[in-house]
Structures are given as structure tokens and as C-alpha cells.
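Trainee: Could we go through this model together? I should like to ask questions as they arise.

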Amino acid sequence: MTMIRDAIVERMKELKLNPNKLSETLKDSIPRMTIYDFLSGKTDARTEVASALMEVLGLEIIIQKTTKRKKVKPGKRDK
């Protein structure tokens, strides 16, 4: 959850949003202290909380598929 928190904090800086302004936008769905505790690193948030914060900030998670590499025995590499 640390990488997500870091991305949220970085985006808040870009948008010049402080935790108070962010909590105001989500006041009907997420308690202010939950947001403060998550942003400070005091607690990890539930997926729903992180998702709501990311949505408000315009962030999304992109999962990239990686390709498997073949194991090549020493001395058998293509030149």
C-alpha cells in the first residue's frame, strides 16, 4: 500500500491539495480521520478508501503483463 500512498501524496502536491481539502471532497463517504491516518502512514487503508482517493485525484492502476524470458545455458546465446 506504500506505493499507492506515495502516488496519492505526490498527486496531491501536483494539484496543490492538502488533506483537509481532499477530505472535504469525500466527506460523505470516508471519515476525515481515516484519510489523515492513511496519508500519514499511521494505518493502511482498505481498498475502498484507496480507490476513492485515487478516483478523486484522477489516478489509476495499470497492470502491465511481462513476457517470460527463456533460460539460456551459458555458451548457447545467439550472436
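Mentor: We shall discuss helix packing, then salt bridges, then backbone angles.

Trainee: What should I know about the model and the numbering?

Mentor: This is a predicted model, in which local features need pLDDT of at least 70 and side-chain atom pairs count only at pLDDT 80 or more, while totals for chains, interfaces and linings use all residues. Residues are numbered from 1 along each chain as its sequence is written, and side-chain values use heavy atoms, with hydrogens and water left out.

Trainee: Which residues of helix H4 are buried?

Mentor: Helix H4 covers residues 47-57, and its buried residues are Val 49, Ala 50, Ala 52, Leu 53, Met 54 and Leu 57. Helices (H or I, at least four residues) and strands (E, at least two) are DSSP runs numbered from the N terminus. Buried means under 20% relative accessible area, exposed means over 50%, and partly exposed lies in between (1.4 Å probe, protein chains only).

Trainee: What covers the buried residues of H4?

Mentor: The cover includes helix H1 (2-15), helix H2 (19-25) and helix H3 (32-40).

Trainee: And H3, which of its residues are buried?

Mentor: In H3 they are Ile 35, Asp 37, Phe 38 and Leu 39. H1, H2 and H4 are among what covers them.

Trainee: At what angle do H1 and H4 pack?

Mentor: The angle is about 30°, and the axes are 10 Å apart. Axes are lines fitted to C-alpha atoms, for helices over the stretch in contact, and angles run from 0 to 180 degrees between N-to-C directions. H1 and H4 are therefore roughly parallel to each other, a label for angles under 35 degrees (over 145 is roughly antiparallel, 65 to 115 roughly perpendicular, and the rest oblique).

Trainee: Which residues make that contact?

Mentor: H1 contributes Ile 4, Ile 8, Arg 11, Met 12 and Leu 15, and H4 contributes Ala 50, Leu 53, Met 54 and Leu 57. Contact means heavy atoms within 4.5 Å. By class, the residues of this contact are eight nonpolar, no polar and one charged. Here Ala, Val, Leu, Ile, Met, Phe, Trp, Tyr, Cys and Pro count as nonpolar, Asp, Glu, Lys and Arg as charged, and the others, Gly among them, as polar.

Trainee: Changing topic, how many salt bridges are there?

Mentor: The structure holds four. The criterion is a side-chain nitrogen of Lys or Arg within 4 Å of a carboxyl oxygen of Asp or Glu.

Trainee: What does Arg 11 pair with?

Mentor: Arg 11 forms a salt bridge with Glu 14, at 3.0 Å from N to O. Both residues lie in helix H1, three residues apart, about one turn of the helix. Arg 11 itself is partly exposed, at 24% relative accessibility.

Trainee: Which residues are linked in a network of salt bridges?

Mentor: Glu 24, Lys 27 and Arg 32 are linked in this way. Between Lys 27 and Glu 24 the N to O distance is 3.9 Å, whereas the closest N and O atoms of Arg 32 and Glu 24 are 2.7 Å apart. Lys 27 is exposed at 56%, Glu 24 is partly exposed at 36%, and Arg 32 is partly exposed at 34%.

Trainee: Where is Arg 32, and what does it touch?

Mentor: Arg 32 is found in helix H3. Not counting residues up to four places away in sequence, Arg 32 touches Asn 20, Ser 23 and Glu 24. Arg 32 and Pro 19 are 13 residues apart in sequence, with their C-alpha atoms 8.6 Å apart in space.

Trainee: Lastly, which residue has a positive phi although it is not a glycine?

Mentor: That is Lys 16, with a phi of about 55°. Most residues other than glycine have a negative phi. Lys 16 is found in the loop between H1 and H2 and counts as exposed, at 72% relative accessibility.

Trainee: Which glycines take a positive phi just after a helix?

Mentor: Gly 41 does so just after H3, at about 85°, and Gly 58 just after H4, at about 75°.
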